[in-house]
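Subject: Handover of a structure and the findings from it

Dear colleague,

Please find below the structure that I am handing over to you. I would be grateful if you could keep it open beside this message while you read.

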Amino acid sequence: DREGGIISPKTEAMVNMEGAELDPAAAGKHVGKIERAIRTIKDRMRSMIMGLPYRVPTIIMGDLAETACRYLNSLPTPSSLDMVPPLEYFTGRKLDYNRDFKYQWGCLGHAKMPYTSNDVKMPRTQLVVILGPTGNSRGSVRCYVIATKKIVVVDQVTVVPFTKEVIDILNSMSGKDPIRGKGETAINAEAIINAEEYPELFGEVADPGDYDGEVNMADYQPEE
């Protein structure tokens with residue numbers, strides 16, 4: 001590939017530091033093995049998107065690609081003789097299902113925010129979209145905070161079911177959907193995200209034990 005990000009001096013220096021040589025293809029040519037790998041990653045991303053009841057906002061599409069790559073690298077390759085996933089070779093740490101694959105990418109949750117204020121009037125949790133695992137030993141995950149539109153890393157998340165209001169807010173942030181080809185909704189997310197009109201976006205879960213973590217995505221599919 002001769003894209004700027006691939007043939008840049010910075011990329012070449014990084015590749016050379018690893019003891020490899022950068023060998024870009026000629027203009028207009030394709031490298032079959034690489035193209036097939038890209039197609040596989042995109043297929044995984046599509047499958048993860050289609051399992052969600054909302055259109056994915058652009059701001060978290062990069063995390064979707066990163067998580068898809070991580071999941072692919074968590075499986076042994078067909079040519080592997082010892083059936084050890086590439087991620088275990090790279091990190092030197094064995095994967096654990098309960099730690100590294102605890103949450104479905106893109107599901108909804110209440111997360112305890114870092115540096116929570118001691119003010120009793122301030123919420124201790126925020127409604128978030130759960131993203132990919134960080135890969136650390138504590139099983140931390142990246143989360144997209146809907147109210148602030150920021151990505152944070154947290155250790156504690158309680159999965160909750162989607163509501164129509166939250167789905168509408170996420171759809172309004174997404175722009176044109178690359179899968180279904182739909183455009184933005186008429187909702188202004190910044191105008192409607194406030195504690196008075198949508199209190200479910202703020203504050204703690206009343207009783208996390210009331211929800212068992214199972215979400216029936218078929219009940220929350222976007223309208224055609």
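The paragraphs below set out what was found, beginning with confidence and ending with single residues.

Confidence

Please bear in mind from the start that this is a predicted model. Across the protein the pLDDT averages 75, and 73% of the residues reach a score of at least 70. Where is confidence lowest, and where is it highest? The lowest mean, 35, belongs to helix H8 (residues 189–192), while strand S3 (residues 141–145) has the highest, at 93. The pLDDT is below 50 over residues 177–224. In the model, this stretch nevertheless has 84 contacts beyond near neighbours in sequence.

Overall architecture

The protein contains eight helices and five strands. Read from the N terminus, the order of the elements is α-α-α-α-α-α-β-β-β-β-β-α-α. The chain has 224 residues, and 34% of them count as buried. If one takes the contacts between residues at least 6 apart in sequence, 55% of these join residues at least 24 apart. The accessible surface amounts to about 14,000 Å², with 53% of this area belonging to carbon and sulfur atoms.

Empty space in the model

Rolling a probe the size of a water molecule over the atoms shows where empty space is left. How many cavities of 30 Å³ or more does a search of the whole structure find? The search finds one. The largest cavity holds about 50 Å³ of space. Its lining includes Tyr71, Arg99, Asp100, Phe101, Leu131, Gly132 and Pro133. Helix H6 (97–100) and strand S2 (125–133) each contribute at least two residues to this lining. The largest share comes from S2, which supplies three residues.

The largest pocket encloses about 570 Å³ of space. Of the 15 residues that line this pocket, Lys33, Ala37, Ile41, Asn73 and Thr77 lie nearest its centre. Helix H3 (32–50) and helix H4 each provide at least two residues of the pocket lining. Which helix gives the most to it? That helix is H3, with seven residues.

Four residues to examine

Aspartate 63 sits in helix H4 (residues 61–72). Is this residue buried or exposed? Aspartate 63 counts as buried because its relative accessibility is 7%, and the cut-off for buried is under 20%. Its side chain makes a polar contact with the side chain of tryptophan 105, at 2.9 Å. Setting aside residues up to four places away in sequence, aspartate 63 touches Trp105, Leu131, Gly132 and Arg142. Two of these names, Leu131 and Gly132, may be familiar, as they also appear in the lining of the largest cavity.

Serine 74 is placed in the loop between H4 and helix H5 (86–91). With a relative accessibility of 9%, serine 74 also counts as buried. A polar atom of its side chain lies 2.7 Å from the backbone oxygen of arginine 70. Apart from neighbours within four places in sequence, serine 74 is in contact with Pro85, Leu87, Leu95 and Phe101. Phe101 is another residue that lines the largest cavity.

Isoleucine 59 belongs to the loop between H3 and H4. Its relative accessible area is 47%, so this residue is partly exposed. Which residues does isoleucine 59 touch, not counting those up to four places away in sequence? They are Tyr144, Lys149 and Ile151. Lysine 149 is 90 residues away along the chain, yet the C-alpha atoms of isoleucine 59 and lysine 149 are separated by 8.7 Å.

Threonine 158 is part of strand S5 (residues 157–159). This residue counts as partly exposed because its relative accessibility is 24%, and buried would require a value under 20%. Threonine 158 and isoleucine 130 are 28 residues apart in sequence, and their C-alpha atoms are 9.7 Å apart in space.

A suggestion for reading

You may wish to begin with aspartate 63 and its contact with tryptophan 105, and then turn to the residues that line the largest cavity. When you reach residues 177–224, please recall that the pLDDT there is below 50.

With kind regards

Definitions and conventions:
Residues are numbered from 1 along each chain as its sequence is written. This is a predicted model: local features need pLDDT of at least 70, side-chain atom pairs count only at pLDDT 80 or more; totals for chains, interfaces and linings use all residues. Side-chain values use heavy atoms; hydrogens and water are left out. pLDDT is the predictor's confidence in each residue, from 0 to 100. Helices (H or I, at least four residues) and strands (E, at least two) are DSSP runs, numbered from the N terminus. Contact means heavy atoms within 4.5 Å. Buried means under 20% relative accessible area, exposed over 50%, partly exposed in between (1.4 Å probe, protein chains only). A polar contact is a pair of N or O atoms within 3.5 Å; within protein, one must be able to donate a hydrogen and the other to accept it, and residues adjacent in sequence count only if both atoms are side-chain atoms. Accessible areas come from the Shrake-Rupley method with a 1.4 Å probe; for residues, only the protein chains shown count as cover. On a 1 Å grid over the protein atoms alone, a cavity is a set of points where a 1.4 Å probe fits but cannot get out, and a pocket is an open set with protein on both sides within 12 Å along at least five of seven lines; lining residues have an atom within 4 Å of a point. Grid points are joined across faces, edges and corners, and a volume is the space filled by probe spheres set on the points.
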